[in-house]
Amino acid sequence: MSILKLTKLGHPVLARRAAPIADATDPVIQRLIADMIETLDDAGGVGLAAPQVHQALRLFIYRVPEHRAGGTPEDQARSLSVVINPEIIETSAEMADDWEGCLSIPGLTGKVRRPARIVLRGQDETGAYFTRPATGFHARVIQHEADHLDGIVYLARLADPRALGFNEEISRHRPAIEELL
Ligand code: NI
């Protein structure tokens with residue numbers, strides 16, 4: 001396995017619609033999944049989409065850390081999930097705002113508005129189809145990663161144009177900035 005180089009905002013692969021994966025069990029895809037898991041572990045994020053490692057393919061991985069999980073059945077802690085050819089087949093009318101970051105946009109964080117609940121359909125690393133409802137942080141990380149496969153980054157979904165800043169400034173001034181939004 002190898003740690004892969006991350007793409008940064010401005011690389012065209014992050015702006016492109018990624019291609020479906022025909023065979024999840026293809027050794028090339030299995031190798032990519034293993035390398036993405038190692039890359040995410042090394043980078044310390046919660047999710048990674050294939051375009052973030054220069055591959056325009058419909059694949060992402062994510063986890064839900066214990067401290068971010070809401071504890072409901074649709075928002076439980078998950079060590080790691082592989083999602084191939086994802087489709088978000090339902091979105092709630094209810095929206096939720098929360099802070100997000102992205103390994104391809106280092107140093108920045110923004111408050112992003114997304115549907116509070118979704119239903120994800122996709123394939124796992126064996127190619128088996130699954131349908132998975134998600135709320136809270138779980139719904140947020142899935143939507144963030146699925147957006148990468150359509151060439152969209154979280155900056156396009158800010159709750160307010162001012163809801164963006166450097167990590168250290170936002171962590172220092174969060175209550176004051178949230179009051180202004
Ligand atoms: Ni991202």
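A donor, as the word is used here, is an N, O or S atom within 2.8 Å of the metal. With that in hand, let's work through this predicted model together.

**Exercise 1. The nickel site**

Task: Find which residues coordinate the nickel ion, and work out whether His-144 and His-148 are buried or exposed.

Solution:
- Step 1. Start at the metal. The nickel ion is coordinated by SG of Cys-102 and by NE2 of both His-144 and His-148, at 2.1 to 2.3 Å.
- Step 2. Place these donors along the chain. Their spacing reads C-x41-H-x3-H.
- Step 3. Look at the two histidines. Both His-144 and His-148 sit in helix α2, four residues apart, which is about one turn of the helix.
- Step 4. Apply the cut-off: buried means under 20% relative accessible area. His-144 has 6%, so it is buried. His-148 has 0%, so it is buried too.

**Exercise 2. Laying out the open sheet**

Task: Give the strand order of the open sheet and say which strands form its edges.

Solution:
- Step 1. Trace the neighbours. The five strands come in the order β1-β2-β3-β6-β7, and their pairing is antiparallel.
- Step 2. Pick out the edges. β1 (47-49) and β7 (129-135) each pair on one side only, which makes them the edge strands.
- Step 3. Add the twist, which averages 40° from one strand to the next.
- Step 4. Zoom in on one pair. Five bridges link β2 (residues 59-64) with β3 (residues 78-91) in the antiparallel sense. Here Val-64 stands opposite Arg-78 of β3.
- Step 5. Recall what holds such pairs: strands of a sheet pair through backbone hydrogen bonds.

**Exercise 3. Helices against the sheet**

Task: Determine which strands helix α1 touches and which strands helix α2 lies across.

Solution:
- Step 1. Take α1 (residues 27-43). This helix packs on the sheet and touches β1, β2 and β3; its direction makes about 40° with that of β2.
- Step 2. Now take α2 (residues 136-148). This helix lies across β1, β2, β3, β6 (117-123) and β7, and runs at about 160° to β2.
- Step 3. Connect this with the first exercise: α2 is also the helix that holds His-144 and His-148.

**Exercise 4. The partners of β5**

Task: Find which strands pair with β5, and how many of its residues are buried.

Solution:
- Step 1. Check β4 (residues 95-100). Six bridges join β4 to β5, and the two run antiparallel. Met-95 has Pro-115 in β5 as its bridge partner.
- Step 2. Check β8 (residues 164-166). β8 pairs with β5 over three bridges, again in the antiparallel sense. Thr-109 is matched by Gly-165 in β8.
- Step 3. Count the covered residues. In β5 (residues 108-115), six of eight residues are buried, so the strand is mostly covered.

**Exercise 5. The nonpolar cores**

Task: Say which element supplies the largest share of the largest nonpolar core, and list what Leu-120 touches.

Solution:
- Step 1. Find the hubs. The largest nonpolar core has 16 residues, and those touching the most other members are Phe-60, Tyr-62, Val-83, Ile-118, Leu-120 and Ile-142.
- Step 2. Assign the core to elements. At least two residues come from each of β2, β6, β7 and α2. The largest share, five residues, is from α2.
- Step 3. Follow Leu-120. Leaving aside residues up to four places away in sequence, Leu-120 touches Val-83, Pro-86, Glu-87, Ile-88, Phe-130, Thr-131, Arg-132 and Ile-142.
- Step 4. Look beyond this core. Apart from it lies another core of 15 residues, including Ile-29, Ile-33, Ile-61 and Ile-84.

**Exercise 6. Two unusual backbone angles**

Task: Work out where His-54 and Asn-85 lie, and how accessible each one is.

Solution:
- Step 1. Begin with the background: most residues other than glycine have a negative phi.
- Step 2. Consider His-54. Its phi is positive, about 70°, and it lies in the loop between β1 and β2. His-54 has 35% relative accessibility, so it counts as partly exposed.
- Step 3. Consider Asn-85. Its phi is also positive, about 50°, but Asn-85 is found in strand β3. With a relative accessible area of 18%, Asn-85 is buried.

How values were computed:
Residues are numbered from 1 along each chain as its sequence is written. This is a predicted model: local features need pLDDT of at least 70, side-chain atom pairs count only at pLDDT 80 or more; totals for chains, interfaces and linings use all residues. Side-chain values use heavy atoms; hydrogens and water are left out. Two strands pair if DSSP finds at least two bridges between them. Axes are lines fitted to C-alpha atoms, for helices over the stretch in contact, and angles run from 0 to 180 degrees between N-to-C directions. Contact means heavy atoms within 4.5 Å. Donors are N, O and S atoms within 2.8 Å of the metal (3.2 Å for Na, K and Ca); water is not among the atoms, so sites may look incomplete. Buried means under 20% relative accessible area, exposed over 50%, partly exposed in between (1.4 Å probe, protein chains only). A nonpolar core is a set of buried Ala, Val, Leu, Ile, Met, Phe, Trp, Tyr and Cys residues joined through side-chain atoms within 4.5 Å.
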